[in-house]
Amino acid sequence: MSMMADMMKTMPMPSMTGMDMDMTVMQGCMEACSAAAMAATMCADADSGENMGRCASMCMNTADVATATMRMMMRTGGYDMKVMSSMMTACMAMGEACAAECESHAEMSEHCRICASACRAMVEACSKMMSGMKG
């Protein structure tokens with residue numbers, strides 16, 4: 001069992017009334033956001049050495065949005081359905097944009113291929129989580 005799963009079991013969830021899902025879906029989304037943030041941070045660093053400014057900027061923005069979204073999911077006491085839905089939408093939009101940018105360099109840059117894959121996985125995990133959110 002992961003530390004995150006253990007920790008989630010100890011957290012009070014009364015304010016999560018807008019959620020209708022197994023907490024493993026939320027855990028998967030947090031892990032995908034974390035993985036995308038790490039991949040995007042490393043890709044941005046590599047991009048900066050390869051004169052790929054736009055890609056580096058997209059990756060840095062993706063890392064920031066993914067990290068903020070993940071951190072909000074960890075704070076169950078302050079959960080607000082409308083705000084979380086907006087954050088998830090922004091995270092998916094940024095993930096899609098970053099993946100598209102990185103995919104355009106994937107044939108020449110392995111780090112871009114990996115980052116694009118991590119971003120796509122994050123978008124999929126966020127979409128799965130959003131499907132369990134009540135409007």
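A polar contact is a pair of N or O atoms within 3.5 Å, of which, within protein, one must be able to donate a hydrogen and the other to accept it. With that in mind, and remembering that this is a predicted model, begin the tour at the start of helix 4.

**Stop one: the start of helix 4.** Select D80 and K82, and display the backbone of K82 together with the side chain of D80; a side-chain oxygen of D80 comes to within 3.3 Å of the backbone nitrogen of K82. Next, select helix 4 as a whole, residues 81-103. At 1.5 Å a residue, its 23 residues should span 33 Å, and the C-alpha atoms at its two ends lie 32 Å apart, which agrees.

**Stop two: the buried side of the tour.** Keep helix 4 selected and colour its buried residues, which are M81, M84, M88, C91, M92, M94, G95, C98, A99, E101 and C102. What lies over them? The cover of these buried residues includes helix 2, helix 3 and helix 5, so it is worth showing those three helices next to helix 4. In soluble globular proteins, nonpolar side chains tend to be buried together. The largest nonpolar core of this model has 40 residues, and the members that touch the most others are C33, C59, M73 and C102. Helix 2 (23-48), helix 3 (53-74), helix 4 and helix 5 each give two or more residues to this core, and helix 2 supplies the largest share, with twelve residues.

Now centre the view on M73. Setting aside neighbours within four places in sequence, M73 is in contact with M26, C29, M30, C33, M84, M88 and M129. Two of these partners, M84 and M88, were among the buried residues coloured in helix 4.

**Stop three: charged pairs between helix 4 and helix 5.** Side chains of opposite charge can pair when their charged atoms come close. The structure holds four salt bridges, and three of them are visited here, beginning with E96 and R120. The side chains of E96 and R120 meet in a salt bridge with an N to O distance of 2.2 Å. Because E96 lies in helix 4 and R120 in helix 5 (residues 110-131), this pair ties together parts that are 24 residues apart in sequence. Are these two residues buried or partly exposed? E96 is partly exposed, at a relative accessible area of 36%, and R120 is also partly exposed, at 29%.

Leave R120 selected and add E103, which forms a salt bridge with R120 whose closest N and O atoms are 2.9 Å apart. This pair again links distant parts of the chain, with E103 in helix 4 and R120 in helix 5, 17 residues apart. E103 has a relative accessibility of 40% and counts as partly exposed.

**Stop four: a pair within helix 5.** Select E110 and R113, whose side chains meet in a salt bridge at 2.5 Å, N to O. Both residues lie in helix 5, three residues apart, which is about one turn of the helix. E110 is partly exposed, with a relative accessible area of 46%, and R113 is partly exposed as well, with 40%. Stepping back to the previous stop, E96, E103 and R120 are joined into one network by salt bridges that share partners.

**Last stop: the loop.** Finish by selecting S104, which lies in the loop between helix 4 and helix 5. S104 is exposed, with a relative accessible area of 52%. If A116 is then added to the selection, the C-alpha atoms of S104 and A116 prove to be separated by 9.5 Å, the two residues being twelve residues apart along the chain.

How values were computed. Residues numbered from 1 in each chain as written. Predicted model: local features only at pLDDT ≥ 70, side-chain atom pairs only at ≥ 80, totals over all residues. Heavy atoms only, no water. Helix = DSSP H or I, 4+ residues; strand = E, 2+ residues; numbered from the N terminus. Buried < 20%, exposed > 50% of the residue type's maximum accessible area, 1.4 Å probe, protein only. Core = buried A, V, L, I, M, F, W, Y, C linked by side-chain atoms within 4.5 Å. Contact = heavy atoms within 4.5 Å. Expected span 1.5 Å × (residues − 1).
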